[in-house]
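User: Please take a close look at one part of this model for me. I would like to see how the strands pair and what lies around them.

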Amino acid sequence: MLIKRPDDIAPSEITPRELFEQRRAFIKAAGALALAAGLPAEAWAREAFPNLQKSAYSTLEPPNSFRDITTYNNFVEFGFGGKSQPAERAGAMKTRPWTVSIEGLVQKPRTFAIEDVFRIAPLEERIYRLRCVEGWSMVIPWVGFPLNALLKQIEPLGSAKFVEFITHMEPATMPGLRQPFLDWPYTEGLRLDEALHPLTLIAIGLYGEELPNQNGAPLRLVVPWKYGFKSGKSIVKIRLTDKEPKTTWNLAQPEEYGFYANVNPDVDHPRWSQEKERRIGEFFKRKTLPFNGYADQVAQLYAGIDLRKYY
Ligand SMILES: Nc1nc2c(c(=O)[nH]1)N[C@H]1C(S)=C(S)[C@@H](COP(=O)(O)O)O[C@H]1N2
Ligand SMILES: [Mo]
């Protein structure tokens with residue numbers, strides 16, 4: 001299902017994977033050196049998550065480079081002035097101490113310290129495609145665990161139908177918050193069954209290291225079959241509700257950003273086609289796949305829904 005034919009793989013795509021492996025080897029070696037010298041391994045290299053399990057949900061497509069993934073970002077709290085701004089500015093955001101509260105229609109509301117979130121479930125490496133509604137895509141080796149493991153801890157009530165994700169606001173480091181055309185904090189939402197789907201990931205790292213701030217440290221959502229804007233960064237609150245939550249982009253431009261935001265090449269964005277995408281690092285555009293290539297796993301969630309109307 002997620003397998004590409006060998007003749008689709010351009011030679012230029014092979015390099016990131018090799019670099020990935022080399023980087024891994026380097027990080028391991030640096031860690032061993034540090035230990036031998038009696039230093040904490042972190043002083044040399046941050047292989048933060050040494051026991052990552054590989055995931056059967058990973059795409060076999062080669063990941064983008066660490067550099068692309070961490071310097072070409074959308075994180076509008078840090079400005080609307082281009083893809084390099086989050087990398088330039090987000091370093092100032094304070095990600096410790098950090099808590100995440102889960103509340104609303106749940107049996108056991110709770111505020112988790114980030115350190116406890118990191119221990120909720122075995123950590124996996126999940127290599128997922130991410131497609132932005134703007135027409136570019138990447139392949140990212142996330143570190144994380146399924147959101148359903150977190151939701152299990154707080155026991156959703158039978159009346160819960162939706163999950164709202166509310167993200168961090170730090171006015172001192174986030175100039176974007178002064179822009180009035182979005183309703184802050186950045187908020188997103190899923191239907192409860194979408195949130196419980198095993199593909200829906202809480203990411204706490206990428207390329208085997210803790211998330212860089214610009215990618216949503218210390219924890220973010222990753223919903224691989226939806227446009228990137230559904231995957232809220234730097235989450236501080238998760239609320240279970242019985243009504244469809246209002247979401248930031250939908251409030252700003254309802255006709256452009258629907259609640260579902262399932263990747264659908266047949267539904268044009270009002271201002272451009274969604275038929276194709278440019279994989280960052282590639283020259284030619286590729287065809288966009290329904291549900292971003294995850295149709296086998298998720299299409300049944302939408303049986304009977306007209307996704308042209310509920311886009
Ligand atoms: N808090 C917050 N989360 C956010 C955004 C944002 O601006 N603020 N941008 C979204 C969009 S539009 C995309 S495409 C992805 C980009 O994730 P990446 O920079 O890690 O590739 O993050 C999403 N999550
Ligand atoms: Mo996006």
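Analyst: Strand 6, residues 162–167, pairs with strand 11 across six bridges. The two run antiparallel. One residue to find here is T167, whose bridge partner in strand 11 is I235. Keep in mind that this is a predicted model.

Now turn to another partner of strand 11. Strand 11 covers residues 235–241, and strand 2 covers residues 99–104. Four bridges join them, and here the direction is parallel. So strand 11 has an antiparallel pairing with strand 6 and a parallel pairing with strand 2. Two bridge partners let you trace the parallel pair. I102 is matched with I238 of strand 11. G104 is matched with L240 of strand 11. A general point helps when you look at side chains. In a regular strand, they alternate between the two faces of the sheet.

Strand 2 has a further pairing to follow. Strand 3 is made of residues 110–113, and it pairs with strand 2 over four bridges. This pairing is antiparallel. S101 has T111 as its bridge partner in strand 3. How many residues does the hairpin use to join strand 2 to strand 3? The hairpin connects them through five residues.

Next, look at the loops. Just ahead of strand 2 there is a loop that starts after helix 3, residues 85–89, and P97 sits in that loop. The peptide bond from R96 to P97 is cis, and its omega is near -10°. A second loop runs between strand 6 and strand 7, residues 187–191, and P185 is found there. W184 and P185 are also joined by a cis peptide bond, with omega about -5°. A third loop lies between strand 8 (201–206) and strand 9 (209–210), and Y207 is part of it. Y207 is not a glycine, yet its phi is positive, near 50°.

Last comes the ligand. Ligand 1 is surrounded by 16 residues. The closest are N73, V76, E77, R220 and K233. Which kinds of residue make up the shell around ligand 1? The shell divides into six nonpolar, seven polar and three charged residues. Several side chains meet oxygen atoms of the ligand. For N73, a side-chain N or O atom is 2.8 Å from an oxygen atom of ligand 1. For R220, the distance from a side-chain N or O atom to a ligand oxygen is 2.8 Å. N215 places a polar side-chain atom 3.0 Å from an oxygen atom of ligand 1. Taken alone, ligand 1 exposes 540 Å², and the protein buries 98% of that area. The space that ligand 1 takes up is the largest pocket.

Conventions:
Residues numbered from 1 in each chain as written. Chains lettered and ligands numbered in written order. Predicted model: local features only at pLDDT ≥ 70, side-chain atom pairs only at ≥ 80, totals over all residues. Heavy atoms only, no water. Near = heavy atom within 4 Å. Polar contact = N/O pair within 3.5 Å; in protein donor to acceptor, adjacent residues only side chain to side chain. Areas by Shrake-Rupley, 256 points an atom, 1.4 Å probe, with all protein chains shown as cover. 1 Å grid on protein atoms, 1.4 Å probe; cavity = no way out; pocket = protein on both sides within 12 Å on 5 of 7 lines; lining within 4 Å. Sits in = over half its atoms within 2 Å of the grid points. Nonpolar A, V, L, I, M, F, W, Y, C, P; charged D, E, K, R; others polar. Pairing = 2+ DSSP bridges.
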